[in-house]
Number of protein chains: 2
Amino acid sequence: MAGSAKILPGEFELIARLCAGIRPGRGTIIGPGDDCAVLAPRRRPILFTIDSMVEGVHFKLKWAAPHLFGARALTVNLSDIAAMGGRPAACVVNLALPKRTSLAEIEGLYTGLRRAARMAGVDIVGGNITRASELSITIALIGYLEGRAMRRDTARPGDEVFVTGTIGDAAIGWRILAGKFRTLAPFSRKHLVERYVRPAARLLAGERLAGFSKTPTAIDISDGLLQDLGHILEQSRVGADISPAAIPLSTAYRKAIGDDLSLALFGGEDYELLFCLPPGHTEAELSRRLQIPVHRIGKIVRGRRLTLDGKVAPRMAGWDHFRRFGAAR
Amino acid sequence: MAGSAKILPGEFELIARLCAGIRPGRGTIIGPGDDCAVLAPRRRPILFTIDSMVEGVHFKLKWAAPHLFGARALTVNLSDIAAMGGRPAACVVNLALPKRTSLAEIEGLYTGLRRAARMAGVDIVGGNITRASELSITIALIGYLEGRAMRRDTARPGDEVFVTGTIGDAAIGWRILAGKFRTLAPFSRKHLVERYVRPAARLLAGERLAGFSKTPTAIDISDGLLQDLGHILEQSRVGADISPAAIPLSTAYRKAIGDDLSLALFGGEDYELLFCLPPGHTEAELSRRLQIPVHRIGKIVRGRRLTLDGKVAPRMAGWDHFRRFGAAR
């Protein structure tokens, strides 16, 4: 009898079914099915990251087909590898499953996950399934550095701050899924929702940036532009001045909220790259080299302050929530 | 403003606080705080595993001090490395936190986790925190093989089956925590509860086994003795005959349920090692070499059947739950 404290009965068979057809690549010596996966040694520094997607917090199954969320769970991890300038290689997956989740939903999640993994050159080498009261997918991902690591703590006064793509779309997309912006034109709605549901990890841009003669400082925009920039400022012990007008916005963003920059500044989940480089690069040159539109949005300055056009930035929610969180009980 | 879809506000500061005082070892180039950890390359095959502990499923905070669960969350992962014969090196930690969790509880969990990591020579190199409706700790662990991997698919007819330690204690301990066995003597209760709350990963035994001239087949006993043996039988395409009377039981186990072997056969969470070796080893020799009591409990046979003293084993729950699970909705 399975002890009540135990993992999901049938876990082994379920994982076997979910992993059926996965053909590990050359870097994988033992794939799913043993106590651990075994990867062949490489002469490259190893990147290691973990991220989680929780139903009700990050997504709702009724919002879109399960395979999209399976793919997205991997993408948010891939984005961390992109921000370091690395190449993803292998992942292990923890599925927490409530009893109400159907096998079709689980298989849908895994179908998306497998597809995203294949496209990114990632082997799914192991998995675990636990019973839980809400659905979540937690993925740990290993990658390798082909060159140097793009860190958060290397920004210097005088560096210019750039971002890839457009910013703020995903935050609006999330709100559309949650029932807001009902009057927005279908075309714009679709674009913004796609940006939330199907973000792209900027792996090519990250790898190319890491190859620059002077290694950029970089982070991916997951928590929000100013908050993620804040991580760079804190760890590099510098300040920054950002030109809000220079932040690249999509046409759909403008159609949704016009010149309101709040979601571009504070909304998260874009998974674009934010990076800092010494002067000497043009937007056109960077866009060409990274094969994605790049915009200069400001510069790194002495001191520790983050300003918008020279004025102190409004304090971001999130920055002082730790105290509140500590007192939450 | 933090989008509602976002990760826990203050996550960054909380992780910084939880990771304060962690001094990464020499193998870690970049520890917690960047998009990914960076580990120095090694010339050893990499072991990679993930496991999760969920409150209400695997533990309840009211059962014991939070630091014990923090330590246990790492131990269940260490056990997977032990079962491969490897040496653990670095982990990343995903904490899913309900609003009701206090900062003291979170710090307690992390204190136990940090201590267990230090004792096992593991660097905590990264973390992630998400909001969730129930507390869970998911850890992905990297280790290295110094020798060959102990696999599940290499058992051959004629091999003898051994286990370390005693079996079934943790399953009783879990039931004691859940309110059963109230008349059992305090000394026995304490022993059995400890075996559930504070399991040991058999890292030394695993590493020594992996150094044997003929590499053993091995698995750790997490799902239950017969179920885990079943994984070896399935993957090795062999059968086994087990002598129930030879299964090592603790005095406390006997005091709790006498000669009833059900929890030794089917209870999980012991994290002892089960391994198969060609004849020629005595229990005394193996106990001395592995520095833990080892008992021979049966042998691998041709065919695909699992028998107990020659009689077909009762069908284990868990083996046929997949179909039930598939129909759960």
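In this predicted model, helix 2 and helix 3 of chain A meet along a shared stretch of residues. On the helix 2 side, the contact takes in A:Pro66, A:His67, A:Leu68, A:Phe69, A:Gly70, A:Ala71, A:Ala73, A:Leu74, A:Thr75 and A:Leu78. Facing them from helix 3 are A:Glu105, A:Gly108, A:Leu109, A:Tyr110, A:Thr111, A:Gly112, A:Leu113, A:Arg115, A:Ala116, A:Ala117 and A:Ala120. Sorted by class, the residues of this contact come out as 13 nonpolar, 6 polar and 2 charged.

As for how the pair is arranged, the axes of helix 2 and helix 3 of chain A sit 6 Å apart and make an angle of about 40 degrees. That angle is over the 35 degrees below which helices count as roughly parallel and falls short of the 65 where roughly perpendicular begins, so helix 2 and helix 3 of chain A are oblique to each other. Their crossing is right-handed.

Stepping back to the whole chain, the domain assignment splits chain A into domain 1, covering 11-144, and domain 2, covering 160-316. The C-alpha centres of these two domains of chain A are 26 Å apart. Where the domains touch, 15 residues of domain 1 of chain A are in contact with 18 residues of domain 2 of chain A. Helix 2 of chain A (residues 66-84) turns up again here: with 10 residues, this helix gives the most to the side of domain 1 that touches domain 2. That side of domain 1 of chain A is made up of 9 nonpolar, 3 polar and 3 charged residues. Helix 2 of chain A, then, takes part both in the contact with helix 3 and in the side of domain 1 that touches domain 2.

Conventions: Residues are numbered from 1 along each chain as its sequence is written. Chains are lettered from A and ligands numbered from 1 in the order in which they are written. This is a predicted model: local features need pLDDT of at least 70, side-chain atom pairs count only at pLDDT 80 or more; totals for chains, interfaces and linings use all residues. Domain bounds come from an automatic or database domain assignment. Two residues are in contact if their C-beta atoms, placed from the backbone, lie within 7 Å. Helices (H or I, at least four residues) and strands (E, at least two) are DSSP runs, numbered from the N terminus. Ala, Val, Leu, Ile, Met, Phe, Trp, Tyr, Cys and Pro count as nonpolar, Asp, Glu, Lys and Arg as charged, and the others, Gly among them, as polar. Axes are lines fitted to C-alpha atoms, for helices over the stretch in contact, and angles run from 0 to 180 degrees between N-to-C directions. Angles under 35 degrees count as roughly parallel, over 145 as roughly antiparallel, 65 to 115 as roughly perpendicular and the rest as oblique. A crossing is left-handed if the near helix is turned anticlockwise from the far one by less than a right angle, and right-handed if clockwise.
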